[in-house]
Amino acid sequence: MVKVVAFDLDGTLSQSDLFIIPCHRITMAKYGITGITDAQITNLIGGLMEDGRKLLFPKGTMDEYLEYHKKLEKYLPQMVEERGRVYDGIPEMLDQLREEGYITALCSNGGEAYIDCVLKNLHLKEKFDFIQHQVVGCNKSQLLKRIRDKYQPQGIVMVGDRHFDK
């Protein structure tokens with residue numbers, strides 16, 4: 001019997017706000033963007049790029065936001081290394097699930113480079129059998145369907161922390 005447990009990354013496995021908020025703060029300062037709260041930035045975590053564009057570049061284009069995002073990603077490795085944390089018990093839980101025969105998958109709206117950076121720095125990459133990163137035009141349900149299609153499990157569970165993960 002094939003059983004899959006898929007996990008969201010940001011806010012479920014990692015305390016992403018600890019490193020994402022500082023990355024945004026540095027990048028926003030370079031663009032002269034002010035008036036954005038930490039809570040607003042936290043609400044972007046795990047969401048779609050369009051949500052970030054609407055908040056930070058309400059009259060701008062997606063290309064402008066993507067350029068901003070590229071600059072933000074330059075700070076990511078250092079911030080994850082310095083500030084990144086997993087929630088207590090996460091590595092042990094992932095090991096236990098695999099020992100019990102579950103396939104562990106990551107299902108995230110994050111891009112491939114972002115996920116790779118975070119998982120490597122938090123020493124979680126080797127704990128996943130499959131990693132499903134963001135695919136342009138796909139929502140979380142569609143990403144989870146890709147995992148289901150790959151493994152054809154008798155059971156699959158998605159573990160997350162936000163409405164994106166339902």
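This is a short tour of a predicted model, stop by stop, with something to select at each one.

**Stop 1: the sheet**

Start by showing the strands alone. You should find an open sheet of four strands in the order β3-β2-β1-β4, paired in parallel fashion. Which strands stand at the edges? They are β3 and β4 (155-159); each has a single partner strand, so one side of each is left without a neighbour in the sheet. Looking along the sheet, you can follow its twist: neighbouring strands are turned by 20 degrees against each other on average, direction ignored.

Now add two helices. Select residues 90-99 to bring up helix α5, which packs on the sheet and touches β1 and β2. The direction of α5 makes about 165 degrees with that of β1. Next select residues 140-151, helix α7, which lies across β1, β2, β3 and β4 and runs at about 150 degrees to β2.

**Stop 2: strand β2**

Select residues 103-107. This is β2, and it is mostly covered: five of its five residues are buried. In a regular strand the side chains alternate between the two faces of the sheet. Turn on side chains to see what that gives here: I103, A105 and C107 are on one side, T104 and L106 are on the other, and both sets are buried.

Then look at the partners of β2. Strand β1 (residues 3-7) runs parallel to β2 and is joined to it by four bridges. Click on V4 to find a residue that stands opposite I103. With strand β3 (residues 130-132), β2 pairs in the parallel sense over three bridges. There, A105 stands opposite F130.

How does the chain get from β2 to β3? Follow the backbone through helix α6 (residues 112-121), and you will have traced a right-handed β-α-β crossover.

**Stop 3: helix α6 and what follows it**

Stay on α6 and colour Y114, I115, C117, V118 and L119, which are buried. The buried residues of α6 pack against α1 (17-31), α4 (62-83), β2 and β3.

To look at one of these neighbours, show α4 next to α6. Their axes are 9 Å apart and they pack at an angle of about 25 degrees. Angles under 35 degrees count as roughly parallel, and α4 and α6 are therefore roughly parallel to each other. Their crossing is right-handed. For the contact itself, select L76, P77, V80 and E81 in α4, which meet Y114, C117, V118 and N121 in α6.

Just past the helix, click on H123, in the loop between α6 and β3. Most residues other than glycine have a negative phi, and most peptide bonds are trans. H123 is not a glycine, yet its phi is positive, about 60 degrees. Is this residue buried or exposed? With a relative accessible area of 57%, H123 is exposed.

**Stop 4: Q152**

Go on to the loop between α7 and β4 and pick Q152. Its phi is near 50 degrees, again a positive value in a residue other than glycine. At 55% relative accessibility, Q152 counts as exposed.

**Stop 5: C23 and the α1-α4 pair**

Finish with C23, whose place is in helix α1. Its relative accessibility is 1%, so C23 counts as buried. What does C23 touch? Leaving aside residues up to four places away in sequence, the answer is L72, Y75, L76 and M79. If you draw a distance from C23 to A105 in β2, C-alpha to C-alpha, you should read 27 Å; in sequence the two are 82 residues apart.

Widen the selection to the two whole helices, α1 and α4. Their axes come within 8 Å and cross at roughly 135 degrees. α1 and α4 are therefore oblique to each other, and their crossing is right-handed. Among the residues of α1 that meet α4 are L18, F19, P22, C23 and I26. On the α4 side, the residues that meet α1 include Y65, Y68, L72, Y75, L76 and M79.

Conventions: Residues numbered from 1 in each chain as written. Predicted model: local features only at pLDDT ≥ 70, side-chain atom pairs only at ≥ 80, totals over all residues. Heavy atoms only, no water. Buried < 20%, exposed > 50% of the residue type's maximum accessible area, 1.4 Å probe, protein only. Pairing = 2+ DSSP bridges. Right-handed = clockwise from strand over helix to strand, strands pointing away. Contact = heavy atoms within 4.5 Å. Axes fitted to C-alpha atoms, helices over the stretch in contact; angles between N-to-C directions. Parallel < 35°, antiparallel > 145°, perpendicular 65-115°, else oblique. Left-handed = near helix turned anticlockwise from the far one by under 90°.
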